[in-house]
Amino acid sequence: MSRAAKEYKTITKVLKEGDEVYSQLIVGMEPKEDLTRWEALIRGPSGTPYEGCNFRLHLSLPQEYPMSPPYVKFEPYAMPHANVDFRTGEICLDILTKQHWSPAWDLLHVVQAIGQLLDEPVSSSPLNVDIANILKANDMNAYYGLVHYYIKS
Amino acid sequence: MHKSSSIIKAAVERNNPYRIYPESSLTGFALSTMEDGQKPQQLKDKSTVDSALLLPFADAPSIVQAHQKDDQIESTLSGKIEEVVKSLKGQLYLNEHPKEISIAVKLLYLSLTTLVGNRTLGEEYVDLIYINNRGNRLVQRYKKLLFILTYTLGPYLGSKILKRWSKSQEESEDHDEKKMSWKDITNTLLNVHMMIFYFKGAYYDIFKRVFGLRYAIGHKVEDEESKFRQTSSNSYKILGYFLLFQSVFKGVPAILQQLKSLLGQTSKSLSNLESEKHLKGGRDQSEIKGVPNDSQISHINLEDPSQLPFIPSASRNCILCLNEMTDPSCPPCGHLFCWACIMNWCKEREECPLCRQRCLRQQILPLR
Ligand SMILES: [Zn+2]
Ligand SMILES: [Zn+2]
């Protein structure tokens, strides 16, 4: 059985049984058409300006997966985050680059890492300069305000 | 007036040993001589076709050399274009359309060179020009256009059509066999084509043969050069013999089988038996003897609990393919993976996927 098919089995099992770690973060996750394209809906982590909202992720597996990392992005114009390009939804996360990827990770790990990124933005490698600047200034009110403004509009 | 409709006038190399002038094209020619190094003149009058003079046809080694140079330049160009596509459309698009992009690169390269009447960099490097199959005229532009279109789009569209066709045939019984033999037939055709190329050195690409785009050497060939070219063409003939043997042993049974399955629809029962024999014969001969094939190697599969029982059940799955390990193998750090999985990953990066310790492929040890 292919690796993607194995992962599909695990993911449905994990989500059905309500695994502690993942069910907090992941609302739903399933393949589209074939096993190379996936969609995941994740919950904004509590204690962040994203709390109370759900965000859609698009995952696409290259032919060489898991030897090459999956390509992951948020829905365009939906994720205001220091490390996410708002216009395209592209994510700057080191484990998703060819240099840092390890085939020992799977799609659940990837989604979890993205959840963690929502919790802890890295202002040193910004794709959204406005938000990164506010974070650098450590102005939490402005940070919440800007994120909420983006999400609502 | 286009270059393509004008006529080459050049010196005839009468002592050129491997240039064969078709009898018909020589009759009635008014031969004139030309100074060394003089460029071929281009006459504007179409009616002087018959009085045109001939350039020596190019030999196999120089054609191959030109093609290799062109391949090299195409790959540089494609690297640049991929960068542009990546910045415009993103990596995903690049991953999803590798074929389309390589076709676009070929189209671009040939349109900027061959189509507008220039030579490709490879042709310039070896000094080749296109002439028609009789060797007395330049190639018309419409033929170049047709060649470029079929050369770039032909195989791509062909495989798409074949795929669709075989999908619609899915319900009919023995489509698998048929699809296989269609592939065999195209392969055999290509082999025959390459064979003829190695023997005669005329058309390197099959579509150039179809449209009669032949190469000529763009300068006068001296005795010494022609001797050198002769010996190197001879070594290409050896390649031709190899291909000939290979095709005879491999391709012929496949063609017979295909013919039988086409004819056999009326008299099925008899031909089925025979074609099966042929198919089997073809397979046996194509196998290399002396090298153990996959089924002869004894694999260790951890699905079987009696294999390597000291590995605890929690550690019997490979983190890379997520299955029970086949031929468990370990890098210097001691983590276990399938042999195929870890070898495959270390091609990508020479480190353990779990602990990132350095791991060269020659350091990986299979457990026995
Ligand atoms: Zn494995
Ligand atoms: Zn290790």
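## The annotated segment of chain B

UniProt, in an unreviewed entry, places the feature "domain: RING-type" at residues 318–356 of chain B. The model discussed here is predicted. Over residues 318–356 of chain B, helix accounts for 26% of the chain and strand for 13%. The C-alpha atoms at the two ends of this stretch are 16 Å apart.

## Zinc ion, ligand 1

Four cysteine sulfurs coordinate the zinc ion (ligand 1): the SG atoms of Cys318(B), Cys321(B), Cys338(B) and Cys341(B), at 2.2 to 2.4 Å. The arrangement is tetrahedral, because the 4 donor atoms subtend angles of 105 to 113° around the ion, and four donors count as tetrahedral if all angles lie between 85 and 135 degrees. Along the chain the donors follow the spacing C-x2-C-x16-C-x2-C.

Within this site, Cys321(B) and Cys338(B) link distant parts of the chain, 17 residues apart. Cys321(B) sits in the loop between α10 (268–286) and β5 (328–330) of chain B, while Cys338(B) belongs to strand β6 (residues 337–338). Cys321(B) is buried, with a relative accessible area of 16%. Cys338(B) also counts as buried, at 5% relative accessibility.

## Zinc ion, ligand 2

The zinc ion (ligand 2) has a histidine among its protein donors, which are Cys333(B) (SG), His335(B) (ND1), Cys352(B) (SG) and Cys355(B) (SG), lying 2.0 to 2.3 Å from the ion. Angles of 107 to 114° between the 4 donor atoms make this arrangement tetrahedral. The donor residues are spaced C-x1-H-x16-C-x2-C in sequence.

His335(B) and Cys352(B) are 17 residues apart and link distant parts of the chain. His335(B) is in the loop between β5 and β6 of chain B, and Cys352(B) is in the loop between α11 (339–348) and β7 (365–366). With a relative accessible area of 29%, His335(B) is partly exposed. Cys352(B) is buried, with a value of 0%.

## Salt bridges

Side chains of opposite charge can pair when their charged atoms come close. Over all chains, a search of the whole structure finds 8 salt bridges. One of them joins the side chains of Arg56(A) and Glu39(A), at 3.0 Å from N to O. Here Arg56(A), in strand β3 (residues 54–60) of chain A, is linked with Glu39(A), in strand β2 (residues 37–43) of chain A, 17 residues apart. Arg56(A) counts as partly exposed, at 34% relative accessibility.

Glu348(B) forms a salt bridge with Lys98(A), and their closest N and O atoms are 2.8 Å apart. Glu348(B) lies in helix α11 of chain B and Lys98(A) in the loop between β4 (71–74) and α3 (107–119) of chain A, so this pair joins two chains. Glu348(B) is partly exposed at 39% relative accessibility, and Lys98(A) is partly exposed at 46%.

In chain B, the side chains of Glu351(B) and Arg349(B) meet in a salt bridge (3.2 Å, N to O). Glu351(B) is buried, with a relative accessible area of 15%, and Arg349(B) is buried at 17%. These residues belong to a network of salt bridges that links Arg349(B), Glu351(B) and Arg356(B).

## Nonpolar surface patch

Chain B also carries a nonpolar surface patch of about 1000 Å², made by Tyr241(B), Leu244(B), Phe245(B), Val248(B), Phe249(B), Val252(B), Ile255(B), Leu256(B), Leu259(B), Leu262(B) and Leu263(B). Val248(B) is found in helix α9 (residues 223–263) of chain B. At 43% relative accessibility, Val248(B) counts as partly exposed.

Methods
Residues numbered from 1 in each chain as written. Chains lettered and ligands numbered in written order. Predicted model: local features only at pLDDT ≥ 70, side-chain atom pairs only at ≥ 80, totals over all residues. Heavy atoms only, no water. Donors = N, O, S within 2.8 Å, 3.2 Å for Na, K, Ca; no water. Tetrahedral: all angles 85-135°; square planar, octahedral: opposite > 155°, others 65-115°. Helix = DSSP H or I, 4+ residues; strand = E, 2+ residues; numbered from the N terminus. Buried < 20%, exposed > 50% of the residue type's maximum accessible area, 1.4 Å probe, protein only. Patch = residues over 30% accessible without salt bridge, like charges linked within 9 Å, V, L, I, M, F, W, Y side chains within 5 Å. Areas by Shrake-Rupley, 256 points an atom, 1.4 Å probe, with all protein chains shown as cover. Salt bridge = Lys/Arg side-chain N within 4 Å of Asp/Glu carboxyl O. UniProt positions renumbered as here; feature names shortened; annotations may be inferred.
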